[in-house]
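Visitor: I should like to learn how pockets and packed helices are read in a model. May we begin with the terms?

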Amino acid sequence: PNMNTPGAKVKPEAIAWLNQLDAGARGKAMMTLGYSWGANDPEGFLAYAQTPQGRDASPDALANAMAALSRSKPEAAMKIAGGYPDSNLVTDTFAGWVRSQPEAAMEWLRKLAPGDARREKAFLGAVSGAVPYSAFRIGPGSHGLTQQQLAAQLSSAPSAALKTINALPI
């Protein structure tokens, strides 16, 4: 099938071909294929991206696949995003989920254990989607607060964060 067809799956022969390439060539091939593969078969793309050879996937292609998966299986997307702790995948995936299904996303976040590494990044995704960036401006009248600081406050001290949010110029 054509990779631009929704639901198209990559054939095992294509994956075997990718695997035999050197890292540089595989990275270039993943950049070319990654967007359509990730958009139309996000689970397949993300499964491949978690293999040693698939680690050559670009951050943008990963984010694209994560966005596609979050539309149909947001909790699965959040679980996979948690496997990339040094990236913005949790933040970006959660921000997309909040935009499309705010009640379900926030319920998931409320149930997330306080020690879960995804918690603060998910709060950052919620903040980035809900609080205009201009509310964090620097200069006269600013609160000297960053989105990251507000997300950390929401994660650890929700009642204090509510006071902070109420004081923002939004």
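Guide: Let us begin with residue classes: Ala, Val, Leu, Ile, Met, Phe, Trp, Tyr, Cys and Pro count as nonpolar, Asp, Glu, Lys and Arg as charged, and the others, Gly among them, as polar. This is a predicted model, in which local features need pLDDT of at least 70 and side-chain atom pairs count only at pLDDT 80 or more, while totals for chains, interfaces and linings use all residues. Residues are numbered from 1 along each chain as its sequence is written, and side-chain values use heavy atoms, with hydrogens and water left out.

Visitor: How many residues of each class line the second largest pocket?

Guide: Its lining divides into 5 nonpolar, 4 polar and 3 charged residues. A pocket is an open set of points on a 1 Å grid over the protein atoms alone, where a 1.4 Å probe fits, with protein on both sides within 12 Å along at least five of seven lines; lining residues have an atom within 4 Å of a point. Among the lining residues of the second largest pocket are Ala63, Asp92, Trp97 and Arg99. Helix α6 (89–100) and helix α4 each supply at least two residues, and the largest share, 7 residues, comes from α6. Helices are DSSP runs (H or I, at least four residues), numbered from the N terminus.

Visitor: What volume does the largest pocket have?

Guide: Rolling a probe the size of a water molecule over the atoms shows where empty space is left. The volume is the space filled by probe spheres set on the grid points, which are joined across faces, edges and corners. For the largest pocket it is about 210 Å³, and for the second largest about 150 Å³. The largest pocket is lined by 13 residues, and Met106, Leu109, Phe123, Ala126 and Leu154 lie nearest its centre. Helix α8 gives the most to this lining, with 5 residues. By class, the lining has 11 nonpolar, no polar and 2 charged residues.

Visitor: At what angle do the axes of α4 and α5 cross?

Guide: Two packed helices are described by the angle between their axes and the distance between the axes. Here the axes of α4 (residues 59–72) and α5 (residues 74–81) come within 6 Å and cross at roughly 145°. Axes are lines fitted to C-alpha atoms, for helices over the stretch in contact, and angles run from 0 to 180 degrees between N-to-C directions. Contact means heavy atoms within 4.5 Å. Met66, Leu69, Ser70 and Ser72 in α4 meet Pro74, Ala76, Ala77, Ile80 and Ala81 in α5. This contact has 7 nonpolar, 2 polar and no charged residues.
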